[in-house]
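Dear colleague,

I am passing on the structure we spoke about, and I would be glad if you could look through it with the notes below beside you. The notes begin with the chain as a whole and then turn to single residues.

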Amino acid sequence: MKRTLSLISKGLFLLLLCSILDAAIYLIFDSGGASRIVRGDWANIVGTLNDKDAAAIPKDEGADDNPAGKAAHASRYLMFRAESRYLHMELAEVRGRIWRGRLDVSPEAMEGEYLFAVLPKAGATDDKAGQGRVRVFESRRALRDSYASFFLRYTGVEPWWITGGTMVGVGLLLAAVYLIGGRETREMQARGLGPIYRLVPEGQLWEMTFGLGREHGVNEGDRLAVLDADGHWLAEFSAYQVGAEMARGRLDKSIPVKHDCLVARMWREDDKV
């Protein structure tokens, strides 16, 4: 189980790094440009007006919670222009400098990049006010091939969704490691074996904290053994500062003890049944 969890954790960590790198690539090369739409499809668009044009459009107080009213208010004061007659905008609302709408591209539209603009009907004060760009593609495959982002190009999924999903996976993995590790530790302690939690060099000695205590039959001054990862005997030592589930001990620094070693209780005669 530990080996499986280790492989899963390495895979998740690699996927997380790749998704973060891919998100950076998306932000550098794919965001902030023209909107991308397959012909025959549509996209929600958000744009801005300059301060002077926005100030000339009155606020519709009664349409705040009414989508139809907000759309009617936006259409009353704004108009849509485009380089192609196959582009159509259905305005959804205008709030201050911000307008929102749905841009539809007819199936008859040719592949390419087009300019469009959302302007006040009274006349814009700036020739580039409300201007935007849209790239029209003939197929979804062509649209996905236009992205530098690996995940968008080959899976159609934006990289931050991969990052978020991977982080959820990491959280679940940590929970699984905690539960499984705790169960395995309890099973070892029931057999008189405890993991080493802390190993610190102090002068010529190793100061060691390990997972056996009074609840596992260990008392102050008891002799215990240190075993390597394969179960081979390395040394003996005496326990001190014995708590309910942990205790401490000291070993000569010449002993090749590591964090993956185990501490074993040495059974006394009066422990035998």
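Among the elements of the protein chain, which has the lowest mean pLDDT and which the highest? Please keep in mind that this is a predicted model, and that the lowest mean pLDDT among the elements, 83, belongs to helix α6 (residues 159–190), whereas the highest, 96, belongs to strand β5 (residues 98–105). There is also a stretch, residues 269–273, over which the pLDDT is below 50, and beyond near neighbours in sequence this stretch has one contact in the model. Where pLDDT is low, the predicted coordinates should not be read in detail. For the protein chain overall, the mean pLDDT is 88, and 92% of the residues reach 70 or more.

As to the general build, the protein chain contains six helices and 13 strands. Its radius of gyration is 34 Å, while a compact globule of 273 residues would have one near 19 Å, and the C-alpha atoms fill a box of roughly 100 × 40 × 40 Å along the principal axes. Of the 273 residues, 39% count as buried. If one takes the contacts with a separation of 6 or more, 60% of them are accounted for by residues 24 or more positions apart.

The accessible surface of the protein chain comes to about 16,600 Å², and carbon and sulfur atoms hold 56% of that surface. On the side of charge, there are 36 positive and 37 negative side chains, with the centres of the two sets lying 2 Å apart.

Turning to single residues, I would start with V105, which is found in strand β5, the element with the highest mean pLDDT. V105 counts as buried because its relative accessibility is 3%, which is under the 20% cut-off. Leaving aside neighbours within four places in sequence, V105 is in contact with I37, V38, R39, G40, D41, Y86, L87 and V136. One of these partners, R39, is 66 residues away from V105 in sequence, yet the two C-alpha atoms are 5.3 Å apart in space.

A second buried position is V226, placed in strand β10 (residues 223–227); here the relative accessibility is 0%, so V226 counts as buried. Its contacts beyond four places in sequence are with M208, H232, W233, L234, A235, F237, L251, V257, C261 and L262. By contrast with these contacts, V226 and F137 are 68 Å apart in space from C-alpha to C-alpha, with their positions 89 residues apart in sequence.

H232, one of the contacts of V226, is found in the loop between β10 and β11. With a relative accessible area of 48%, H232 is partly exposed, and, once neighbours within four places in sequence are left aside, it is in contact with V226 and L227. H232 and I8 are 224 residues apart in sequence, and their C-alpha atoms are 30 Å apart in space.

Two further loop residues may be worth a look in the viewer. Q241 lies in the loop between β11 (233–240) and β12 (247–252), and it has a positive phi of about 50° although it is not a glycine; at a relative accessible area of 47%, Q241 is partly exposed. K59 is placed in the loop between α2 (51–55) and α3 (67–77), and K59 counts as exposed because its relative accessible area is 58%, which is over the 50% cut-off. The C-alpha atoms of K59 and R95 are separated by 7.4 Å, the two residues being 36 residues apart along the chain.

With kind regards

Conventions. Residues numbered from 1 in each chain as written. Predicted model: local features only at pLDDT ≥ 70, side-chain atom pairs only at ≥ 80, totals over all residues. Heavy atoms only, no water. pLDDT = per-residue confidence, 0-100. Helix = DSSP H or I, 4+ residues; strand = E, 2+ residues; numbered from the N terminus. Contact = heavy atoms within 4.5 Å. Rg over C-alpha atoms; globule rule 2.2 N^0.38 Å. Buried < 20%, exposed > 50% of the residue type's maximum accessible area, 1.4 Å probe, protein only. Areas by Shrake-Rupley, 256 points an atom, 1.4 Å probe, with all protein chains shown as cover. Lys, Arg positive; Asp, Glu negative; His and termini not counted. Charge placed at Lys NZ, Arg CZ, Asp CG, Glu CD.
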